[in-house]
Amino acid sequence: DLLSCLVLAAMAVPQTRNELTCDICMDIMTDLDEFITSDTTEQEIVDFVKQLCSALGAIIPDFEATCNFIIQSQLPAIIDAFVHDNLDPTQVCTDILGACP
């Protein structure tokens, strides 16, 4: 999914927060929030995101490892924020990922 690839790329490249980055993050986190709450295991979520990293790596040379690092470091916090802290995608994109102003 191109949108997923774009948000991961946007998160990996240091840049100022902007509306595009925020919108992409919101779309992905909304999908992820729905995915998390639909009886999926954490491993299924990790596998899903790793597929996105692999697809992105095919487009951007040497990016798969960077993407996987981002996921390994941030995914548990994102899942925890949705499941335990009841945060919504806006809060995750703003407070955890810093993609929104």
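A disulfide is a pair of cysteine sulfur atoms within 2.5 Å of each other. In the predicted model shown above, the structure holds 1 disulfide, and it is formed by Cys22 and Cys100, whose sulfur atoms are 2.0 Å apart. The protein around this pair has 5 helices and 0 strands, and the points below take up the disulfide, the overall fold, the nonpolar core, and then some individual residues.

**The disulfide**

- The torsion about the S-S bond of Cys22 and Cys100 is about 95°, and the disulfide is therefore right-handed.
- Because Cys22 lies in helix 2 (residues 19-36) while Cys100 lies in the segment after helix 5 (89-96), the pair ties together parts that are 78 residues apart in sequence.
- Both partners are withdrawn from the surface, for Cys22 is buried and Cys100 is buried too.

**The overall fold**

- Reading along the sequence gives the pattern α-α-α-α-α, in keeping with the count of 5 helices and 0 strands.
- The protein has 101 residues, of which 38% count as buried.
- The protein exposes about 5800 Å², and 54% of this area is supplied by carbon and sulfur atoms.
- If one takes the contacts between residues at least 6 apart in sequence, 60% of them join residues that are at least 24 apart.

**The nonpolar core**

- In soluble globular proteins, nonpolar side chains tend to be buried together.
- The largest nonpolar core in this model has 22 residues, and those with the most contacts inside it are Met29, Leu32, Leu75, Ile78 and Val92.
- Helix 2, helix 3 (42-59), helix 4 (63-83) and helix 5 are the elements that give two or more residues to this core, and helix 4 gives the most, with 7 residues.
- Leu75, one of the residues with the most contacts inside the core, is in contact with Leu32, Ile45, Val46, Val49 and Ile70 when its neighbours within four places in sequence are left aside.

**Leu52 in helix 3**

- Leu52 lies in helix 3, and because its relative accessibility is 9%, which is under the 20% limit, Leu52 counts as buried.
- Although Leu52 and Asn68 are 16 residues apart in sequence, their C-alpha atoms are 9.4 Å apart in space.

**Helix 5 and its two ends**

- Pro89, Val92 and Cys93 are buried residues of helix 5, and because they cover an arc of only 95° around the axis, they are on the same side of helix 5.
- An α-helix has 3.6 residues a turn, so residues three or four places apart point the same way.
- At the start of helix 5, a side-chain oxygen of Asp88 reaches to within 3.0 Å of the backbone nitrogen of Thr90.
- Thr90 itself lies in helix 5, and its relative accessibility of 41% falls between the limits of 20% and 50%, so Thr90 counts as partly exposed.
- The C-alpha atoms of Thr90 and Met26 are separated by 6.3 Å, although the two residues are 64 residues apart along the chain.
- Helix 5 is followed by Gly98, whose phi is positive, near 65°.

**Asn86 and Ala81**

- Asn86 lies in the loop between helix 4 and helix 5, and its phi is near 55°, which is a positive value in a residue other than glycine.
- With a relative accessibility of 63%, which is over the 50% limit, Asn86 counts as exposed.
- When residues up to four places away in sequence are not counted, Asn86 touches Ala81 and Gln91.
- Ala81 is found in helix 4, and because its relative accessibility is 1%, Ala81 counts as buried, whereas Asn86, which Ala81 touches, counts as exposed.
- Besides Asn86, Ala81 touches Leu87, Val92 and Ile96, again not counting residues up to four places away in sequence.
- Ala81 and Gln91 are 10 residues apart along the chain, and their C-alpha atoms are separated by 8.9 Å.

Technical notes: Residues numbered from 1 in each chain as written. Predicted model: local features only at pLDDT ≥ 70, side-chain atom pairs only at ≥ 80, totals over all residues. Heavy atoms only, no water. Helix = DSSP H or I, 4+ residues; strand = E, 2+ residues; numbered from the N terminus. Buried < 20%, exposed > 50% of the residue type's maximum accessible area, 1.4 Å probe, protein only. Contact = heavy atoms within 4.5 Å. Areas by Shrake-Rupley, 256 points an atom, 1.4 Å probe, with all protein chains shown as cover. Core = buried A, V, L, I, M, F, W, Y, C linked by side-chain atoms within 4.5 Å. Arc of directions from axis to C-beta. Polar contact = N/O pair within 3.5 Å; in protein donor to acceptor, adjacent residues only side chain to side chain.
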